[in-house]
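Please report on the aromatic rings, the charges placed over them and the helix packing in this model.

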Amino acid sequence: MTVTDTAHAVDPERGTLAKAADENFPVAPFFLPRAWRTDLMAVYGFARLVDDIGDGDLAPGGADARLLGVPDDRADDRLLMLDAFEADLRRVFDGSDGAPRHPLLRRLLPTVRRRALTPEPFLGLIAANRQDQLVARYETYDDLLAYCELSANPVGRLVLAVTGTSTPERIRRSDEICTALQVVEHLQDVAEDLQRDRVYLPAEDMKRFHVQETDLAAPSANASVRALIAYEAARARDLLNEGAPLVGSVHGRLRLLLAGFVAGGRAALNAIAAADHDVLPGPPKSGKVHLLREAGVVLRGEG
């Protein structure tokens, strides 16, 4: 058991929030105003916990299940856990059934009130994890985009809502960035996802490039898999470029945060390309220097 797992077993709230340090993108970086950091961490705690429920990555001991009122012998039932978590989320927005039971949702309550957040983005993230229990393959790219509408786009919308910068145009650009980042993550995690019996590469594209699932289980990618990854990476880059004007539409420290998201996606795509699109040995990683260089390009509006 890791130190984080030990902390989570004792304190589910602290253990979940500690995972922020391991995320691909900074959750609430130091340069943001303290009030924003507080609220972004509250949103992160929700998003991290719902993903951990959906992925079966909760710390051992069953503390989260007990908090949500799920019997010990059913703590491994992910759909039941998601249902219980959704019921607790609804207590955040409708107190008629009492206060939220899970400490991460009690932490979220003042953020929801301060920022006048609506339940839809949170319900979308729960729906995405529920879908992961029921759908393991996606036939078309449009099917994958519909999944990203639930699994990724709510996060960007919540960032805009917390910072008080939501407009229809910014939401559209944010959706493009978030979908792109989700696709990039899927490309990085092809091998890991396959171990979970999930394939996020559209089946129609796999057929087009003559890729079988057995090819994705190989230690390294053959030419067909590399061509498929390059094709999906180009789609993600186009989405990032479409969404990038969001950065220039805001000012100050929020602009730095959003530039970091776009730069992180571009740096990851560059790392995939530098690996000749062979993602099967593990996620290609970019260095901090490369990330900072990309952030500079985004901030200058050069790409």
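A crossing of two helices is left-handed if the near helix is turned anticlockwise from the far one by less than a right angle, and right-handed if clockwise. The model discussed here is predicted.

**Helix packing**

Two packed helices are described by the angle between their axes and the distance between the axes. Take helix α7 (residues 120-134) and helix α9 (residues 153-162): their axes come within 9 Å and cross at roughly 160 degrees. Angles over 145 degrees count as roughly antiparallel, so α7 is roughly antiparallel to α9. The crossing of α7 past α9 is left-handed. Which residues make the contact? From α7 come Pro121, Phe122 and Leu125. From α9 come Pro154, Val155 and Leu158.

**Aromatic pairs**

Phe122 also belongs to a cluster, where ring pairs link it with Phe46, Phe85 and Phe93. How many aromatic pairs does the structure hold? There are eight. One of them joins phenylalanine 30 and phenylalanine 31 in an edge-to-face arrangement, 5.7 Å centre to centre with 80 degrees between the planes. Phenylalanine 30 has 72% relative accessibility and therefore counts as exposed. Phenylalanine 31 has 23%, so it counts as partly exposed. Another pair, tyrosine 138 with tyrosine 147, is tilted. Its ring centres are 5.4 Å apart, and the planes make an angle of 40 degrees. Are these two tyrosines buried or exposed? Both tyrosine 138 and tyrosine 147 are buried.

**Arginines**

Two arginines place their charged ends over tyrosine rings, as the table shows.

| Arginine | Ring beneath the charged end | Distance from ring centre |
|---|---|---|
| Arginine 208 | Tyrosine 231 | 4.7 Å |
| Arginine 235 | Tyrosine 141 | 3.7 Å |

Arginine 173 is a further arginine to look at, and it lies in helix α10 (residues 168-188). Is arginine 173 buried or exposed? Arginine 173 has 17% relative accessibility. The cut-off for buried is under 20%, so arginine 173 counts as buried. What does arginine 173 touch, not counting residues up to four places away in sequence? Its contacts are Glu242, Gly243, Pro245 and Leu246.

Conventions:
Residues are numbered from 1 along each chain as its sequence is written. This is a predicted model: local features need pLDDT of at least 70, side-chain atom pairs count only at pLDDT 80 or more; totals for chains, interfaces and linings use all residues. Side-chain values use heavy atoms; hydrogens and water are left out. Rings of Phe, Tyr and Trp (its six-membered ring) pair if their centres lie within 6.5 Å; planes under 30 degrees apart count as stacked, over 60 as edge-to-face and the rest as tilted. Buried means under 20% relative accessible area, exposed over 50%, partly exposed in between (1.4 Å probe, protein chains only). A charge sits over a ring if NZ of Lys or CZ of Arg is within 6 Å of the ring centre and within 35 degrees of the ring normal. Helices (H or I, at least four residues) and strands (E, at least two) are DSSP runs, numbered from the N terminus. Contact means heavy atoms within 4.5 Å. Axes are lines fitted to C-alpha atoms, for helices over the stretch in contact, and angles run from 0 to 180 degrees between N-to-C directions. Angles under 35 degrees count as roughly parallel, over 145 as roughly antiparallel, 65 to 115 as roughly perpendicular and the rest as oblique.
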